[in-house]
Amino acid sequence: MSFQISVQPSGRSFTADVNETLLTAGIRQGIGLPYGCKDGACGSCKCKKISGTVVHGPHQAKALSDEEEAQGLVLTCCATAQSDVVLESKQVTAEGGLPVKKMPVRVVSLEKKSHDVIVLKLQLPANDVMKFHAGQYIEFLLRDGSRRSYSMANAPHTLEMAPPTVELHIRHMPGGKFTDPVFTTMKEKDILRAEGPYGSFYLREDNDKPIVLLASGTGFAPIKALIEHMQHRGITRPATLYWGGRRPADLYMADWVEARLAEMPNLRYVPVISNAEAEDQWPGRTGFVHQAVLQDFPDLSGHQVYACGAPIVVDSAKRDYVAQGGLPEEEFYADSFTSEADKAKA
């Protein structure tokens with residue numbers, strides 16, 4: 001049995017089987033619904049149900065509260081249709097609907113950038129190169145059937161160079177099913193299985209508003225891809241990167257950023273450290289990175305914000321930028337990454 005899912009105001013529609021989530025059905029049919037984690041943790045896929053009946057699977061209350069569900073909001077990543085459904089989702093775009101592919105990938109290099117960050121480069125199949133938007137992510141398919149998601153840190157145009165390679169920034173999570181092997185046993189030429197592209201985090205180019213790029217830790221990866229893409233496309237909208245870490249070493253590619261500043265007069269960079277030690281001799285900004293933005297831009301009403309990092313940073317930024325900075329909620333684009341350890345605690 002399947003049901004008709006209609007999306008307003010775009011007027012696009014697709015069918016969903018009774019046992020598949022609305023998001024899975026939409027992705028399968030090339031419908032660009034907004035989403036992030038795909039497992040009820042981040043709330044990026046939340047939208048309004050105009051009519052119809054859905055049932056939600058397990059999800060976190062911060063992604064969708066009981067009150068929001070009672071108001072007719074749904075998480076498409078864990079909602080299954082029980083009837084024909086009409087949704088309201090302003091972010092549905094044809095641009096989001098690139099084909100998702102399963103593919104073998106080969107490890108090209110592993111470069112340790114700090115005590116707990118490795119830059120992993122993977123070669124894609126040359127005969128069927130994946131198309132993606134800067135800012136999207138891929139998932140690794142592990143042998144036990146579980147998946148791990150990582151944002152691609154390079155822009156799509158870089159795949160034109162042979163061999164086609166994607167770059168990922170992997171932070172070590174002790175005990176992590178994927179990150180432990182990356183930091184111990186993984187070696188060049190190893191073959192992994194991956195699937196992608198996923199996610200609705202990419203630069204909206206039909207706009208000339210100034211941009212705030214907000215990253216914490218390895219949330220810098222998709223932000224780096226956006227910056228590469230802007231440089232390649234000659235996009236000159238004013239952009240300010242705020243990158244936060246606990247210690248200066250957490251800003252593991254600051255030299256890359258400095259090199260871009262010399263080439264992109266429209267780009268500014270504000271590094272922010274929250275737990276600097278005396279030995280760091282840190283001369284720059286301190287405190288919480290999302291608050292540094294409001295100190296510099298108390299009025300965000302004319303901006304777009306692209307935020308990526310730990311959920312507490314992304315969630316706090318969205319709340320404060322809308323409530324205190326006047327940022328239109330629809331101009332906040334986010335990709336918060338929730339680790340498996342964080343999900344287990346929730």
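Is Tyr 306 buried or exposed? In this predicted model, Tyr 306 is buried, its relative accessible area being 0%.

## Aromatic pairs

The structure contains 12 aromatic pairs. In one of them, Phe 201 and Tyr 306 meet edge-to-face, with 6.1 Å from centre to centre and 70 degrees between the planes. This pair joins distant parts of the chain, since Phe 201 belongs to the loop between β13 (191–198) and β14 (211–216) while Tyr 306 belongs to strand β18 (residues 304–309), 105 residues apart. Phe 201 also counts as buried, at 1% relative accessibility.

Phe 220 and Tyr 252 form another edge-to-face pair, 6.2 Å centre to centre and with 80 degrees between the planes. The two residues are 32 residues apart, with Phe 220 in helix α4 (residues 220–233) and Tyr 252 in the loop between β15 (239–245) and α5 (254–263). Phe 220 is buried at a relative accessible area of 0%, and Tyr 252 counts as buried at 6%. Ring pairs link both residues with Trp 243 and Trp 256 into a cluster, and Arg 260 lies over the face of Trp 256, 4.7 Å from the ring centre.

## The surroundings of Tyr 35

Tyr 35 lies in the loop between α1 (22–28) and β3 (46–51) and is buried, with a relative accessible area of 8%. Although Tyr 35 and Cys 45 are 10 residues apart in sequence, their C-alpha atoms are 4.2 Å apart in space.

Beyond its neighbours within four places in sequence, Tyr 35 has contacts that include Leu 23, Ile 27, Tyr 137 and Tyr 198. A polar atom of the Tyr 35 side chain lies 2.6 Å from the backbone nitrogen of Gly 199. As for Tyr 198, the charged end of Lys 38 sits over its ring, 4.0 Å from the centre.

How values were computed
Residues are numbered from 1 along each chain as its sequence is written. Side-chain values use heavy atoms; hydrogens and water are left out. Helices (H or I, at least four residues) and strands (E, at least two) are DSSP runs, numbered from the N terminus. Buried means under 20% relative accessible area, exposed over 50%, partly exposed in between (1.4 Å probe, protein chains only). Contact means heavy atoms within 4.5 Å. A polar contact is a pair of N or O atoms within 3.5 Å; within protein, one must be able to donate a hydrogen and the other to accept it, and residues adjacent in sequence count only if both atoms are side-chain atoms. Rings of Phe, Tyr and Trp (its six-membered ring) pair if their centres lie within 6.5 Å; planes under 30 degrees apart count as stacked, over 60 as edge-to-face and the rest as tilted. A charge sits over a ring if NZ of Lys or CZ of Arg is within 6 Å of the ring centre and within 35 degrees of the ring normal.
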